[in-house]
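Trainee: Before we look at anything together, could you take me through how to read a model like this one, feature by feature?

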Amino acid sequence: MLLPVLFALGAALSNALATVLQRKAALTVPKSEGLRVGLILDLLRRPVWLVGIVAVITAGVCQAVALATGPITVVQPLFVLELPLALVIAAALLQGRLSRTGWLAVATVVVGLGVVLFAASPAGNRTQVPMTHWIPAVAVCVAAIAALVVAALRRPEGRGRAACFGLATAISYAMTAALMKTSMHTLDDEGITAFFTTWQTYGFALFGVCALFFLENAMQSGPLVASQPALTLGDACVSLALGITVYAEYVRTGWWLVPQLLGAALIAAGVLALSRLPLARALAREEKEQPGEGAAADAGTPAP
């Protein structure tokens, strides 16, 4: 289990770093009320943005290796660490400061995740999945995503709409990971030609694009405090379900469900607290203030 855990942590860290670096680069380019064609050209001239792109690529490679070598029920839950890691990195790189409340929330997420993984003790690493498993899984996930998008579009901008898009993003991310796992095994067992001819490769690419699209809509529809818990917990829960139903992975049940639920509650409480921090809202572009100012406000001290 050590190898997939290390690569999953590397992917979470790389994604967190990419988020902060891309936000840092965005603060240095001219602002515009609408779409601006020259935005990408401006960003390409910022080395920090290019480093952020490298971090995104690194995260993808690390996630692929983690999924190829370990159960999805182990790999995907570790991605709940992205938000805590992003805030810690932001506090260091964006001249901010994480308050005691923020550090307590980070610790709560880490402890909760540890409790969940210890209590669940996931196992299993099937490499081949029959279509009889894929068809119902894809159908249910697509139907759920469609229902959430419809529900979101029927709501005005606000918490409800953001939560619906956040959960749609979570399901898309979970399906991306599930399909990527099979594609990576195909690449390892049969080579590059088989990788590009298997439907799962194009499936995870499609779900990945959808996830990014829904994420942007979630960020624009309402506060981070509404979308982030739905995204974080939804991804972990749906990935767990897919790991069990599609890949026949195993988690402990019975009385072990009690500490698992306790750990999930700790994660939810920690993520909710983190998403309320001014520094988190600044990273999500909900505030016009600089991240350093938000962090200072969170810490209860005047911004420099």
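Trainee: In which helix does threonine 201 have its place, and is threonine 201 buried or exposed?

Mentor: This is a predicted model, and in it threonine 201 lies in helix H10, which runs over residues 199–221. Buried means under 20% relative accessible area, and threonine 201, with a relative accessible area of 7%, is therefore buried. Leaving aside residues up to four places away in sequence, threonine 201 touches Ser183 and Phe195.

Trainee: How many residues of helix H8 are buried, and what span should helix H8 have?

Mentor: For the span, one counts 1.5 Å a residue, so that the 32 residues of H8 (residues 159–190) should span 46 Å, and the end C-alpha atoms of H8 are indeed 46 Å apart, which agrees. As for burial, 23 of the 32 residues of H8 are buried, so H8 is largely enclosed by the rest of the structure. After H8 comes glycine 191, whose phi is positive, near 100°.

Trainee: At what angle do the axes of H6 and H12 cross, and which residues make the contact?

Mentor: Angles over 145 degrees count as roughly antiparallel. The axes of H6 (residues 100–120) and H12 (residues 257–276) come within 7 Å and cross at roughly 155°, which makes H6 roughly antiparallel to H12, and the crossing is left-handed. Among the residues making the contact are Gly102, Ala105 and Val109 of H6, and Gly263, Ile267 and Leu274 of H12. By class, the contact of H6 with H12 has 16 nonpolar, six polar and no charged residues.

Definitions and conventions. Residues numbered from 1 in each chain as written. Predicted model: local features only at pLDDT ≥ 70, side-chain atom pairs only at ≥ 80, totals over all residues. Heavy atoms only, no water. Axes fitted to C-alpha atoms, helices over the stretch in contact; angles between N-to-C directions. Helix = DSSP H or I, 4+ residues; strand = E, 2+ residues; numbered from the N terminus. Parallel < 35°, antiparallel > 145°, perpendicular 65-115°, else oblique. Left-handed = near helix turned anticlockwise from the far one by under 90°. Contact = heavy atoms within 4.5 Å. Nonpolar A, V, L, I, M, F, W, Y, C, P; charged D, E, K, R; others polar. Expected span 1.5 Å × (residues − 1). Buried < 20%, exposed > 50% of the residue type's maximum accessible area, 1.4 Å probe, protein only.
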